[in-house]
Amino acid sequence: MFNKILIANRGEIACRVARTCRRLGIKTVAVYSDADKNSLHVQSCDEAVHVGGSAPKDSYLLGDKIIKIALETGAQAIHPGYGFLSENADFAQACEKAGLVFIGPPASAIFAMGSKSAAKSLMESADVPLVPGYHGDNQEAGFLHAQADLIGYPVLLKASAGGGGKGMRIVESSEKFPAALDSCKREAQSSFGDQKVLIEKYLSRPRHIEIQIFADKQGNGIYLFDRDCSVQRRHQKVIEEAPAPRVSAEIKKAMGEAAVNAAKTVGYEGAGTVEFIVEADQDGNAGRFYFMEMNTRLQVEHPVTEMITGQDLVEWQLRVAAGEPLPLLQNEIQSNGHAIEARIYAENPEKKFLPSTGTLFALNMPAEEKGSIRIDTGVRVGDVISPFYDPMIAKLIVWGADRRTAVFKMRSALDDSHIIGLSTNVAFLGRLLRCDAFIDANLDTGLIAKNEKALLTPEKTVQIVDLAFLLAARLESDMLKIRSAARELDSPWQQQDAWRMNKSCIREFSFTTDGGSAVYSLRYCYQDKTISLGDQKSKFTYRNLGNEIRLELDGLHASASIVSHPLNSNELHLFREGRHQVWAYQDPLEMSYSEEASTGKLTAPMPGKVIAIHVKPGALVKVGDPLLVVEAMKMEHTITAPFDGEVSEVNYSQGEHVNEGDQLIIFKS
Ligand code: ADP
């Protein structure tokens, strides 16, 4: 076994590889870019070496430099993780030349599976079933058109060198073929520098089912069961699970054996995944399966396989790369229970899944439980999700004795995941876990598109119960203030709960949402514990359980979590049943920006974009006057004057990006 390896990756996968190494007593060397100087993966390793600029091409893709660092630090092998250099045959070869072990398959196997067309030809010769189609060398437009006509529409055009769904075009009819071919070729050229395309029959209800395989240098090859990754958006996986539901034992066995056969055909070693596209019937049951591609590395979703088999696949990779035989034989591997993984991303599902960047002001995740709840992440609270890399925040993995138990566990784990500072897909995932088709395992790759309305348009109606939670949170924070202020807790003079003799005290609390455009005023009566919103009056009691508030409203029980923004305690985030609402408490007493008042400067409270400026140098402003508007998390925040004064400088113009703490406006002192 190795004494020291270099991890040529970042984020959660670098941390995950380091964790296994630590357990096995293997020292680790991290490499990092400028943007990752203080990142978790750097701290997770025994040594760390700076490799270059923030853009991947200036750092994590610099194969030669990474090999040099490995040699200088005395590492014996390089683990490439996934992405970056992991499927680069030249890099694998360069490692070998430099006397380093590449923890992955031989360069020849990566190369063989690198082109979709070449891989298909190989698989065809190994009798692995292929989707009916054309993947030959003749790329003449008229010939391809005739092939598509022969296959029958709809067909799918793919870039041979493709990946990540790039270049893929569904062609519905013969007339639409020429234009689709042109556009597929253009995208193939610009994305992969190779115009070559292939044509496949487009399956109307496809499922994505993949087989985890492992092979060693001794010629053993086995499969560690299957995973279903059908829940996708824009051809990218969102939820993965193992084992794949609604697949007969015969089909599973046939797929497993076909996958091992595929691996043996290319002289495979280490961890690999053979992806199949599978025809589903109307209930989602798997029918015929066809080879799609082989990924010659560890997959993002490998933890679900680890959860059902109880094996550590990174340990297996290390052992195989060090020349040991596979730890288990086919008949020694058992599958137990059901595991689900949800990928938590910094993105905005309601805005076409646009990635979002910024600081993670709160990152409260459910507690890990061995064998049951696992969180793989590469970030901590306070870290920044930058535009340079994949905006994944964490992978949440749960295990249950059966699928239903796992689904409910995932649902509650998502409800306990509270992230603030940027848009995330957590609430969207929560809705997905409540979607009937998902609960019934009636899966296919169109599940999200078919349920778009329910999944992508969150319930926006504000209910009195939402406001009751906000009120409970406010009352709790008032209590905290009172407790910390009270020197003599028992003294009636210290009581600040608005108690009045002979008179019931009613206090009004105002909350706004939608960037301040919707205002809700709630009246709370301290004596008879009722709340009223307009004409609606309800009896209200609550209990604070620390990370959750439970309340009773006219006999109805509900629970939710409220997290206030660490930089602005009046910004309240309400997490309830797969919903995440952002609210602002209108504090009538608080003198905002009191700190700013003493310095004569106004700084940005959050990173964002300046979208409007209301003042110019020389302007005389009164406290509360709007000065400028910053858009953050797709919400507008109006920055108001913290005191009366004269503006001397405005440091930003409309459209400019500001970081948290940037000085926006200077006042004349
Ligand atoms: P890429 O390598 O670009 O990600 P894949 O060949 O792996 O492309 O396909 C990505 C996804 O596209 C699959 O998971 C599936 O959802 C869909 N897909 C691929 N081939 C077909 C097909 N022949 N019919 C229907 N859907 C397909």
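Q: How far does a polar side-chain atom of H235 lie from an oxygen atom of the ligand?
A: A pair of N or O atoms within 3.5 Å counts as a polar contact. In this predicted model, a polar side-chain atom of H235 sits 3.1 Å from a ligand oxygen. K158 has a polar side-chain atom 2.8 Å from an oxygen of the ligand. For E293, a side-chain N or O atom is 3.0 Å from a ligand oxygen.

Q: How much of the ligand does the protein bury?
A: Start with the ligand alone. It exposes 560 Å². The protein buries 95% of that area.

Q: Which residues surround the ligand, and which are the closest?
A: A residue belongs here if one of its heavy atoms lies within 4 Å. The ligand has 20 such residues around it. K116, K158, G165, E200 and K201 are the closest. By class, the shell holds seven nonpolar, seven polar and six charged residues.

Q: Which strands and domains supply the shell around the ligand?
A: At least two shell residues come from each of β7 (155-159), β9 (197-201), β10 (206-215), β13 (270-280) and β14 (286-295). Domain 2 (132-201) and domain 3 (206-456) each give at least three.

Q: How many residues does the largest nonpolar core have?
A: Such a core joins buried nonpolar residues through side-chain atoms within 4.5 Å. The largest one here has 38 residues. I5, F214 and L318 make the most contacts inside it. Elements giving two or more residues include β1 (4-7), α1 (11-24) and α11 (313-321). The top contributor is α11, with six residues.

Q: Why does this core lie between domain 1 and domain 3?
A: Both domain 1 (4-103) and domain 3 (206-456) give residues to this core, so it lies between them.

How values were computed. Residues are numbered from 1 along each chain as its sequence is written. This is a predicted model: local features need pLDDT of at least 70, side-chain atom pairs count only at pLDDT 80 or more; totals for chains, interfaces and linings use all residues. Side-chain values use heavy atoms; hydrogens and water are left out. A polar contact is a pair of N or O atoms within 3.5 Å; within protein, one must be able to donate a hydrogen and the other to accept it, and residues adjacent in sequence count only if both atoms are side-chain atoms. Accessible areas come from the Shrake-Rupley method with a 1.4 Å probe; for residues, only the protein chains shown count as cover. Helices (H or I, at least four residues) and strands (E, at least two) are DSSP runs, numbered from the N terminus. Ala, Val, Leu, Ile, Met, Phe, Trp, Tyr, Cys and Pro count as nonpolar, Asp, Glu, Lys and Arg as charged, and the others, Gly among them, as polar. Domain bounds come from an automatic or database domain assignment. Buried means under 20% relative accessible area, exposed over 50%, partly exposed in between (1.4 Å probe, protein chains only).
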